[in-house]
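Trainee: Please take me closely through the side-chain pairing in this model. I would like the aromatic and charged residues first, then what lies around them.

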Amino acid sequence: MTGQATKPLSPLARLPFYYGWVVVVVAFLTIGVGVSVRTSFSLLFPPILQDFEWDRGTTSAIFSVGFATSTLITPFLGVAIERFGPGLVMAAGSVLVSTGLILSTCSDNQILLYLSLGSAVVGGAIILAYTSHAYLIPFWFVRLRGFATGLAFSGAGIGAIILFPWLQSIIEADGWRRACWAMAIILLVIVLPMNLLFQRRRPEDMGLKPDGDGLKSTPTREAAVDTVVDKAWAATEWTLESAVRTARFWWLALGLFFGMYIWYAIQVHQTQYLSEVGYTPMAAGFALGLVGLFGVVGQIGIGSLSDRIGREWAWTVSISGFVACYILLILMRHSQNELLLWGMVIFQGGLGYGLSSIFGSVIAELFHGRGFGRIFGACGVIISVGAAFGPWISGVMYDRSGNYDSAWVAALGACGLSILGMWLAAPRKVRLTSYVAMRRAT
């Protein structure tokens, strides 16, 4: 009957509409383990150096080989998730990474370690880490896209503060190979079955809408605010071929490449560097875990901030955390002040790690269309290449100069290039976030 009031849904009836938060929880736990497994290379780096007596460039290249491998995997992630579902894809990633960890314990030369710890573990972890979930979560959320992504990605911080001290204690007591076995078991016992049981592709597959707005056929309580600025751009059905012919794609690529360069340049070399300038191995390992813990604040906070002030401003705030981090690292070589260490940890995690909660939203908002999976895959390749170059170039710079000063200065330059790229990509000129659009509408 026309004009008849709609009966409000009971809390139990509305419960299925919130399945997006189940996706976030599963992603939180998967990322917590997956990213920690990849990042734990920083803990494995010193004992591997000691065991094999290789130079820094050769040893850090294990990590770079892994990210080079991930460039081969990333283009197919979106397509694989669409075809097979995220649960099966994440389960396959768990098997690949755990197999690499186990095989690395039997490796006694560079080639085997490059293939096992590098390609299978660091490379395969891309399936369990930020990239896959940055593709998945934007389908479940629009208004709260940055917040939901940041919440899921904050699992990396919780995983780090729980797993890293434990792994460091295993390394000190029983060696790095035993630590690899421990990580493999966690992947097979926790991550694999959890994804098979609970992970889902998108709300439409369950007859739902993003943001918990109800059934697909149920109108939302309030009309959506028009967030589109460039109508022609937003109406385009982007394909990879058409996207790469735009300057905006390549400015975005610049921002993403150098954003990941600065992230992983420090992540891989941090534990070794802190040990060399005077901190104990346990303190260095604990600092790496604390970076991840503060990353919880950074990823949730910066993700939510990006919903409210726009992606470019939030990206700039996040990069400023890495700027402060690298300046403090340079100062640490001359003074092992605990305040410098705490400052480095807080800025790196509390601001810098917020980058991860932004890039998926930016790609979705700029290049939505039937070719989004392939465009996202191409951006993922660029991200992986940047992540591979960061630690490798930093290691080569160390080998040539005998210290990390030049590597840290180069990273500061990369920070500026990343900010420049994001502002010239200008997602605000295509779509506003819902909060910004609502403020402008009123």
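Mentor: Two rings of Phe, Tyr or Trp (for Trp, the six-membered ring) count as a pair if their centres lie within 6.5 Å; planes under 30 degrees apart make the pair stacked, planes over 60 make it edge-to-face, and the rest are tilted. By that rule there are 23 aromatic pairs. The model is predicted, so local features need pLDDT of at least 70 and side-chain atom pairs count only at pLDDT 80 or more, while totals for chains, interfaces and linings use all residues. Residues are numbered from 1 along each chain as its sequence is written, and side-chain values use heavy atoms, with hydrogens and water left out.

Take W233 and F367 first. Their ring centres are 5.8 Å apart and the planes meet at 55°, so this pair is tilted. W233 belongs to helix α12 (residues 231–235) and F367 to the loop between α18 (359–366) and α19 (372–401), so the contact ties together parts that are 134 residues apart in sequence. Helices here are DSSP runs of H or I with at least four residues, and strands are runs of E with at least two, numbered from the N terminus. W233 and F367 are both buried, where buried means under 20% relative accessible area, exposed over 50%, and partly exposed in between (1.4 Å probe, protein chains only).

A second pair, W263 with Y264, is stacked, at 6.0 Å centre to centre and 25° between the planes. W263 has 1% relative accessibility and therefore counts as buried; Y264, at 3%, is buried by that cut-off too. The pair of W233 and F367 has further company: W238, F249 and W250 join these two residues in one aromatic cluster.

Now the charged side chains. In general, side chains of opposite charge can pair when their charged atoms come close. A salt bridge here is a side-chain nitrogen of Lys or Arg within 4 Å of a carboxyl oxygen of Asp or Glu, and the count comes to 6.

One of them joins E365 to R145, at 3.7 Å from N to O. E365 sits in helix α18 and R145 in helix α9 (residues 145–153), so the bridge ties parts that are 220 residues apart in sequence. E365 is buried because its relative accessibility is 6%, and R145 is buried at 12%. These two residues are also part of a network of salt bridges that includes D307 and R311.

Another salt bridge runs between E241 and R374, at 3.1 Å from N to O. That pair links helix α13 (residues 240–243), which holds E241, to helix α19, which holds R374, across 133 residues. Here both ends are partly exposed: E241 has 38% relative accessibility and R374 has 42%.

R428 and E312 make a further bridge, with the closest N and O atoms 2.9 Å apart. R428 is in the loop between α20 (405–425) and α21 (434–441), E312 is in helix α16, and 116 residues separate them in sequence. The two ends fall in separate classes: R428 is partly exposed at 31%, whereas E312 is buried at 2%.

As for the surroundings, look at helix α17 (residues 338–350). A helix is expected to span 1.5 Å times one less than its number of residues; for the 13 residues of α17 that gives 18 Å, and the end C-alpha atoms are 17 Å apart, which agrees. Its buried residues are L340, L341, G343, M344, V345, Q348, G349 and G350. Among the elements covering them are α14 (247–276), α15 (281–309) and α16 (311–332).

Within α15, consider A284. A284 has a relative accessible area of 0% and is buried. Contact means heavy atoms within 4.5 Å; apart from neighbours within four places in sequence, A284 touches T271, L274 and S275. The C-alpha atoms of A284 and T271 are separated by 5.1 Å, although the two residues are 13 apart along the chain.
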